[in-house]
Every structure is written in C-alpha cells, then in structure tokens.
Amino acid sequence: MIFSFRKLKDQMKFMVVFVVFTYALYHLLVMVTHWIEPTHRYRQPAGKAVKVFQDHVMITDQGPMGERLKLFYWLGE
C-alpha cells in the first residue's frame, strides 16, 4: 500500500480551510440576524398606540378578556 503524505497534506489543508470558512459564515449570519432583528419585540407601545390584548384588564361589566372569549365561543356570536 502506497501512502502519500502530499495527498494527506492537501486533504487536511482543504478541511481546515473549509472549517474556517464555515465558522466565519456562521458568525456573519449571526451578525446580520442581530442587525435585522428589532431590539425589543414585546415592549409597551409608545405614543397613542395601545396594546391589543391585556388579559388582566377588566373590560366593561363582562369580566376579563378570557371570560369574554369563552362566552363568545359558547354563544357563537
């Protein structure tokens, strides 16, 4: 069996370059994701905006929003 150190060296060099480029591409995609993603996705709205669903707030005389939703499904309105 003939064992070539030159081929082994070329294969190892290819693997090292492949791993380095894969690692660099992964970190590049992570940086782009952080750059595109909004900072605070679930923060309280500012200005005249209101939060749409607040379960703990009583709405009129029918109770919390969850109870209204159960009533809606029960009556089919």
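User: In this predicted model, what share of the protein chain's accessible surface belongs to carbon and sulfur atoms?

Analyst: The accessible surface of the protein chain comes to about 8200 Å². The model is a predicted one. Carbon and sulfur atoms hold a share of that surface equal to 68%.

User: What percentage of the 77 residues is buried?

Analyst: Buried means under 20% relative accessible area. Of the 77 residues in the protein chain, the part that counts as buried is 1%.

User: How many helices and strands does the protein chain have?

Analyst: Strands number zero. One of the helices is α1, which covers residues 5-36. The count of helices is two.

User: Which residues form a nonpolar patch on the surface?

Analyst: Together they have about 790 Å² of accessible area. One of them, L29, sits in helix α1. The members are L25, L28, L29, M31, V32, W35 and I36.

User: The structure holds two aromatic pairs; is the pair of F3 and F5 stacked or edge-to-face?

Analyst: Both F3 and F5 are exposed. Their ring centres lie 5.2 Å apart, with 90 degrees between the planes. Planes over 60 degrees apart count as edge-to-face, so the F3 and F5 pair is edge-to-face.

User: And how is the pair of F14 and F18 arranged, stacked or edge-to-face?

Analyst: Both lie in helix α1, four residues apart, about one turn of the helix. The centres are 6.3 Å apart and the planes differ by 20 degrees. Planes under 30 degrees apart count as stacked, so the F14 and F18 pair is stacked.

User: Why does F18 count as partly exposed?

Analyst: Exposed means over 50% relative accessible area, and buried means under 20%. F14, at 55%, is exposed. F18 falls in between because its relative accessibility is 49%.

Notes. Residues are numbered from 1 along each chain as its sequence is written. This is a predicted model: local features need pLDDT of at least 70, side-chain atom pairs count only at pLDDT 80 or more; totals for chains, interfaces and linings use all residues. Side-chain values use heavy atoms; hydrogens and water are left out. Patches are made of residues with over 30% relative accessible area and no salt bridge: like charges are joined within 9 Å, nonpolar side chains (Val, Leu, Ile, Met, Phe, Trp, Tyr) within 5 Å. Accessible areas come from the Shrake-Rupley method with a 1.4 Å probe; for residues, only the protein chains shown count as cover. A salt bridge is a side-chain nitrogen of Lys or Arg within 4 Å of a carboxyl oxygen of Asp or Glu. Buried means under 20% relative accessible area, exposed over 50%, partly exposed in between (1.4 Å probe, protein chains only). Rings of Phe, Tyr and Trp (its six-membered ring) pair if their centres lie within 6.5 Å; planes under 30 degrees apart count as stacked, over 60 as edge-to-face and the rest as tilted.
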